[in-house]
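User: I am new to reading protein models and would like to go through one slowly. Could you take my questions in turn?

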Amino acid sequence: ASPNLIEQENIIRLSFAPFCSALEAGFWHQLTQKKLNDFRLDESPKNIKGYYYNGDPVGLPTRLTLEFSAFDVDGATPARCCPASGTLYNTNTLEAFKTTDKKALLDKAANEIWSVIQSGAVLEDSSILNKFILLTFADLKKYHFYYWFCFPALCFLEGVQLVQEPVSLEQSFSAKQISCLQTAYDNLCVSSGTTAVPHFLLKYTEESVEVAPLKDLTSFFPDLKKITVGVYDPCTLPQHPGWPLRNFLILLAKKWGSQLDVLEVLCFRDRTLQGSRSIQHSIIFRVKLPDLTASAGNLSSSPDGMLHISLISSRLAESSVDLNLKLMRWRLVPSLDLDKVVSTRCLLLGAGTLGCNVARTLMGWGVRHITFVDNAKISYSNPVRQPLYEFEDCLSGGKAKALAAVDRLKKIFPGVNAEGYNMSIPMPGHPVNFSELTMAQARQDVEQLEKLISEHDVVFLLMDTRESRWLPTVIAASQRKLIVNAALGFDTFVVMRHGLKKPKESQSEESSPMSASSSSSCSSTPAATITPGTAQTYPCVFHSFCCCSDEVCCKSGSTRDRTLDQQCTVSRPGLAMIAGALAVELMISVLQHPEEGYAVASSSDDRMNEPPTSLGLVPHQVSYELLSSNVLYYYVLDNYEREGFQFLAKVFNSSHSFLEDLTGLTLLHQETQAAEVRLIICITLCALTVTFRSEPKMADKFMNSVRLKKKKLFCFWPVPSGDKSSVHSLLIDQIHLHVYTWKYTLHRWL
């Protein structure tokens with residue numbers, strides 16, 4: 001390394017303790033009165049005033065306080081406190097509060113500070129260096145107040161070089177000098193007509209100490225090679241100055257930076273404990289200022305003074321993530337296509353246990369674009385199972401999961417492009433036609449979901465309920481998006497991918513779905529797997545998939561009228577991590593396949609051949625189903641693509657029988673009931689045959705009872721679920737037919 005680089009690495013930079021906002025209840029009460037009586041709909045900026053204090057005990061943060069007198073900008077400041085001027089932006093709506101361009105407000109305030117520095121007006125009143133911005137929204141119906149505080153500061157891009165580290169005043173000054181300093185400062189406050197002076201000049205010898213206002217710098221220091229300045233410092237840290245020093249150093253560098261060799265800074269701290277006043281804990285240090293007399297080209301504005309550090313950290317984190325993945329290509333997986341993985345946009349529907357684990361694994365693979373959709377809030381039972389949340393997220397009713405997950409992802413890796421949407425997904429059997437407002441909201445939710453799915457490449461279904469998976473599956477299948485489905489049971493889990501819908505050009509070359517082979521026929525034969533090697537696998541767009549159920553129905557209320565253990569996803573805690581990881585690994589494997597989402601499922605025979613991807617086989621696991629969903633797939637998608645939201649509204653507002661009737665599942669249930677009836681009849685006739693063969697006369701009595709009391713006679717008969725009257729009628733008709741046949745046969749036997 002060159003000597004210059006080594007010298008730069010050894011340079012110690014000065015850091016500052018940022019302000020914390022302290023808004024007292026009196027301020028919010030006064031804001032309420034101003035909003036109701038004076039501001040009303042006026043959103044123009046208002047001048048307000050705060051203050052800070054330099055006598056706090058050790059351990060307290062650096063605070064800027066706003067109280068009921070904040071709107072009286074010409075009023076007196078509390079004793080021995082320094083004023084800070086600010087600007088209030090009070091919005092009329094919460095949406096306006098959220099969408100306000102905060103960067104523009106920050107830049108405007110920074111430019112105002114820079115203007116008064118250039119004009120020299122700051123020398124008359126240096127308190128204007130301590131500006132702040134307050135953006136608020138007051139919900140006076142619920143008395144909820146939203147606010148955003150900002151303390152703008154002008155920054156040296158290369159920082160401030162620390163020549164001599166901070167030491168306490170009692171280590172640098174004698175007792176006599178400390179006493180003289182305290183007296184001189186008090187006299188300066190009296191002559192200035194205030195109880196605290198934010199910035200001042202300092203000159204001392206072994207016998208005396210003198211102070212002067214900032215505007216007297218040229219006359220107070222004939223020789224500007226070395227000067228000492230004082231700043232009223234609210235910080236309690238022994239090694240760092242507070243925030244008010246930042247803009248003050250910019251002023252000194254702009255006005256006299258080219259003439260100063262070394263600047264000595266006294267952070268004046270005046271504390272009174274148990275009636276005893278002390279300034280011995282003040283700190284003093286020396287710095288070297290950059291030259292700003294030529295231009296301001298090496299300045300930037302920062303709300304918190306940590307902007308440049310976070311940018312450097314984010315670059316380091318990004319390079320570290322890329323390095324870990326690129327090392328895979330050195331020897332283990334040379335053909336791994338990382339660009340395809342990193343550029344994949346993933347939509348996570350559900351930010352619960354599965355969603356958190358899937359997001360963490362996606363980040364491990366370098367995926368940069370992750371979007372959450374969820375409408376739940378974080379509860380106290382979540383953080384122990386869902387790694388993106390903490391206990392603090394549960395307080396005050398809980399944060400929205402989708403938004404809190406985004407914040408945590410950005411803290412984990414600042415380079416991630418994460419977004420969160422706190423929204424609901426319309427579901428079959430959950431009516432939305434209560435009013436025009438609910439219908440409009442449902443339409444808006446569907447349009448938002450369609451937009452989100454169209455903007456992403458892969459959709460993860462990670463919700464709790466089965467019916468919530470139906471609509472995203474229909475939309476994603478229609479838009480030919482890869483769907484990865486994950487579901488948990490108590491000690492089981494299923495991860496599966498839905499095949500993409502082939503373009504119409506390729507579909508026309510194949511057989512019609514209605515005339516397809518047994519793999520796409522609607523039969524009652526259980527289908528545990530899809531035949532390996534088929535040209536296409538189909539998404540299950542009819543019923544909502546869940547590994548812990550073998551019901552063949554369209555669930556319209558899987559959590560309705562259920563106990564707590566049935567409403568929650570009760571599973572062994574480690575399964576979510578395994579299922580979430582496998583869901584991401586399945587996506588990565590599919591992306592590495594030449595056909596991507598159109599890749600056929602690998603079979604056990606493929607283990608003996610060359611794997612289709614650099615990561616091995618591309619599985620496609622399907623849960624136990626009573627029938628294949630291929631025909632249902634075409635019925636549902638055809639209606640959705642032809643009718644759009646009108647079809648979806650029918651599904652939302654109708655009972656579950658609408659989808660069952662549409663797809664033929666109602667007929668299947670009737671055939672199943674009939675098969676059960678025939679089975680019951682066969683068992684009954686076998687029993688009757690044994691009984692009546694020994695007692696022939698009982699056959700005539702039995703037939704008379706059937707004709708006279710057929711309903712009462714079979715009221716105890718076990719029947720399948722459904723319309724019992726129709727089943728009894730069907731049963732009686734079947735009994736008549738079979739008993740007459742049996743009687744004729746029995747008479748021949750006898």
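The questions below go from the whole chain to its interior and then to its surface.

User: What share of the residues of the chain count as buried?

Analyst: This is a predicted model, and its chain holds 24 helices and 22 strands. A residue counts as buried when its relative accessible area is under 20%. Of the 750 residues of the chain, the share that meets this description is 46%.

User: Which helix gives the largest share of the largest nonpolar core?

Analyst: In soluble globular proteins, nonpolar side chains tend to be buried together. Here the largest nonpolar core has 77 residues, and Leu66, Leu249 and Val265 are those with the most contacts inside it. The largest share of this core, eight residues, comes from residues 245–256, which form helix α8.

User: Which residues does Leu66 touch, leaving aside those up to four places away in sequence?

Analyst: Leu66 is one of the residues with the most contacts inside the largest nonpolar core. With residues up to four places away in sequence left out, the residues that Leu66 touches include Ala22, Leu23, Phe27, Ile48, Phe132, Leu134 and Phe149, and also Glu24, Lys49 and Gly50.

User: Is Phe391 buried, partly exposed or exposed, and why?

Analyst: Phe391 lies in the loop between β18 (369–374) and α12 (401–412), and together with Tyr380 and Leu395 it makes a nonpolar surface patch of about 340 Å². The class between buried, under 20%, and exposed, over 50%, is called partly exposed. Because its relative accessibility is 49%, Phe391 counts as partly exposed.

Terms used. Residues are numbered from 1 along each chain as its sequence is written. This is a predicted model: local features need pLDDT of at least 70, side-chain atom pairs count only at pLDDT 80 or more; totals for chains, interfaces and linings use all residues. Side-chain values use heavy atoms; hydrogens and water are left out. Patches are made of residues with over 30% relative accessible area and no salt bridge: like charges are joined within 9 Å, nonpolar side chains (Val, Leu, Ile, Met, Phe, Trp, Tyr) within 5 Å. Accessible areas come from the Shrake-Rupley method with a 1.4 Å probe; for residues, only the protein chains shown count as cover. A salt bridge is a side-chain nitrogen of Lys or Arg within 4 Å of a carboxyl oxygen of Asp or Glu. Helices (H or I, at least four residues) and strands (E, at least two) are DSSP runs, numbered from the N terminus. Buried means under 20% relative accessible area, exposed over 50%, partly exposed in between (1.4 Å probe, protein chains only). A nonpolar core is a set of buried Ala, Val, Leu, Ile, Met, Phe, Trp, Tyr and Cys residues joined through side-chain atoms within 4.5 Å. Contact means heavy atoms within 4.5 Å.
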